[in-house]
Amino acid sequence: MFSVYGRMTALSGRRAELIALLVDGFRAGGDDSGLLTYSINTAWDDPDTIWLTQLWIDKEAHDTTTRSEPVAAVTRRVGPLLAQQPEGCYGHAVHVHGRTAES
């Protein structure tokens, strides 16, 4: 399984709008995109920061979906809501809900 972790900082007062747009982006990929789960989390100590976690069946599913036009159209609308460049990293999920991924 392929995992994505990210941090985004919205322009002041625009966090809710950014969150709604991100949810639209995840939905735009469709039910068969290979996205197993995602979470959008708010930061306790910063009203403009959110943390994202995504779990995909594999990197190919992630790349195909995020490059699709429906997702790309939503992604283009994210930039104007950001106060700074997003940060993130990729990983390999090794243990999810009692299930161990093969290396």
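Val4 sits across from Gln54 of strand E3, and that pairing is a handy way into this predicted model. It belongs to the link between E1 and E3, two antiparallel strands joined by eight bridges. From there you can work outwards to an open sheet of four strands, ordered E2-E3-E1-E4, and then to the nonpolar cores.

**The sheet as a whole**

- Reading across the open sheet gives the order E2-E3-E1-E4, and the pairing is antiparallel.
- Which strands sit at the edges? They are E2 (35-43) and E4 (87-92), and each of them pairs on one side only.
- On average, neighbouring strands here are turned by 15° against each other, if you ignore direction.

**How the strands pair up**

- Strand E1 covers residues 2-9 and is joined to E4 by six bridges, with the two running antiparallel.
- To find that pairing on screen, look for Ser3: its bridge partner in E4 is Gly91.
- On the E3 side, E1 is held in an antiparallel arrangement by eight bridges, and Val4 opposite Gln54 is a spot to look at there.
- E2 and E3 also pair in the antiparallel sense, again over eight bridges.
- For a landmark in E2 and E3, try Ile40, which stands opposite Leu52 in E3.
- What connects E2 to E3? A hairpin does the job, passing through two residues.

**A helix across the strands**

- Helix H2, made of residues 59-67, lies across E1, E3 (46-56) and E4.
- Measured against E3 alone, its direction comes out at about 125°.

**The nonpolar cores**

- As a bit of background, nonpolar side chains in soluble globular proteins tend to be buried together.
- How many residues are in the largest nonpolar core? There are 11, among them Met8, Ala10, Leu22, Ile50 and Leu82.
- Helix H1 (15-28) and E3 are the elements that give two or more residues to this core.
- H1 provides the largest share, with three residues.
- Leu21 is one of the core residues, and leaving aside residues up to four places away in sequence, Leu21 touches Val74, Arg77, Val78 and Leu81.
- There is also a second, separate core of six residues, including Phe26, Leu35, Trp56 and Ala61.
- Leu52, the residue opposite Ile40, turns up in the largest core too.

Technical notes. Residues numbered from 1 in each chain as written. Predicted model: local features only at pLDDT ≥ 70, side-chain atom pairs only at ≥ 80, totals over all residues. Heavy atoms only, no water. Pairing = 2+ DSSP bridges. Axes fitted to C-alpha atoms, helices over the stretch in contact; angles between N-to-C directions. Contact = heavy atoms within 4.5 Å. Core = buried A, V, L, I, M, F, W, Y, C linked by side-chain atoms within 4.5 Å. Buried < 20%, exposed > 50% of the residue type's maximum accessible area, 1.4 Å probe, protein only.
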